[in-house]
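Subject: The model, and what I found in it

Hi,

Here is the structure I promised to send over. Have a look at it first, and then read on for my notes.

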Amino acid sequence: MKPVPGILIVAPVLLAIILLSSCATFNQPPDPAKVQTQIAEYRQQEIELVRDTVSDPARVERLLELLAERDRLVEAHAQRVTAHRERMAALAADYDARREDFETLLADFNRQRASAQKDTIDLVAAMKAATTADEWKVISRFQLKRLHPRELAYGTAAPGG
């Protein structure tokens, strides 16, 4: 009988170690209620940050209105994503669905998405206009760190992943 080369023994052992270690780092999804609580805390911190950072009371109020509009836009988009997922799943489950039905559904969603992106760009521009460069630097840093739109909508668009 021939001796087994060392690589044939080492390779499966290394593969098993890598696979086991990757499984060990798999985390359960976060609790949506806890995430929503954290988001609410971050939003409150953002309001306090705006009040502490922006020097003019009129601009503070304008920026707070814009932040409320941002939250409304994010929520509305998350709801559209959820509805799109549901319609896509229903269409995929329909054996008689035609390619044109999928194309129409996707074209409609893409129009809505493009409109939401334009609204978001306009909103960010309005936020910048309501702040000085130094104020915006502080506020935007907080937003990027704590209030990314994907996290703001956590749990809202949960069905379908």
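Let's start with a small one: which residue's side chain meets that of R59 in a salt bridge? The partner is D56, at 3.8 Å from N to O. I count a salt bridge when a side-chain nitrogen of Lys or Arg lies within 4 Å of a carboxyl oxygen of Asp or Glu. R59 is partly exposed, with a relative accessible area of 21%, and D56 is partly exposed too, at 30%. (Buried means under 20% relative accessible area, exposed means over 50%, and partly exposed is in between, with a 1.4 Å probe and protein chains only.)

Before going further, some ground rules. This is a predicted model, where local features need pLDDT of at least 70 and side-chain atom pairs count only at pLDDT 80 or more, while totals for chains, interfaces and linings use all residues. Residues are numbered from 1 along each chain as its sequence is written, and side-chain values use heavy atoms, with hydrogens and water left out.

The overall picture

The chain has 6 helices and 0 strands, so the terms need pinning down: helices (H or I, at least four residues) and strands (E, at least two) are DSSP runs, numbered from the N terminus. Of the 161 residues, 24% count as buried. The accessible surface comes to about 11400 Å², and 61% of that belongs to carbon and sulfur atoms; the areas come from the Shrake-Rupley method with a 1.4 Å probe, and for residues only the protein chains shown count as cover. Among contacts between residues at least 6 apart in sequence, 74% join residues at least 24 apart, where contact means heavy atoms within 4.5 Å.

The core

The largest nonpolar core has 13 residues, and V50, V54, L63, L66, M127 and I139 touch the most other members. By such a core I mean a set of buried Ala, Val, Leu, Ile, Met, Phe, Trp, Tyr and Cys residues joined through side-chain atoms within 4.5 Å. Helix 3 (57-93), helix 4 (99-129) and helix 5 (133-146) each give two or more residues to this core, and helix 3 has the largest share, with 6 residues. Take M127 as an example: leaving aside neighbours within four places in sequence, M127 is in contact with L63, L66, L67, R70, W136 and Q143.

Helices 4 and 5

In helix 4, the buried residues are L105, F109, A116, L123 and M127, and they pack against helix 3 and helix 5. The 31 residues of helix 4 should span 45 Å at 1.5 Å a residue, and the end C-alpha atoms are indeed 45 Å apart. (The expected span is 1.5 Å times one less than the number of residues.)

Helix 5 has 14 residues and reaches 20 Å from its first C-alpha to its last, close to the 20 Å expected. Its buried residues are E135, W136, I139, S140, F142 and Q143. Seen down the axis of helix 5, these fall within an arc of 155 degrees, so they line one face of the helix; the arc is that of the directions from the helix axis to the C-beta atoms. On the other side, A133, D134, R141, L144 and K145 are exposed. What covers the buried face includes helix 2 (32-53), helix 3 and helix 4.

Charged residues

There are 12 salt bridges in the structure. One of them pairs R62 with E65 at 3.7 Å, N to O; these two are 3 residues apart in helix 3, about one helical turn. Another joins K118 and D122 at 2.7 Å, N to O, and here the partners are 4 residues apart in helix 4, again about one helical turn. As a reminder, an α-helix has 3.6 residues a turn, so residues three or four places apart point the same way. Both R62 and D122 are partly exposed, with a relative accessible area of 39%. Salt bridges that share partners also join R43, E46, R70 and D71 into one network.

E46 deserves a look of its own. Is this residue of helix 2 buried or exposed? E46 is buried, at 2% relative accessibility. Leaving aside neighbours within four places in sequence, E46 is in contact with L67, R70, F142, Q143 and L147.

Cheers
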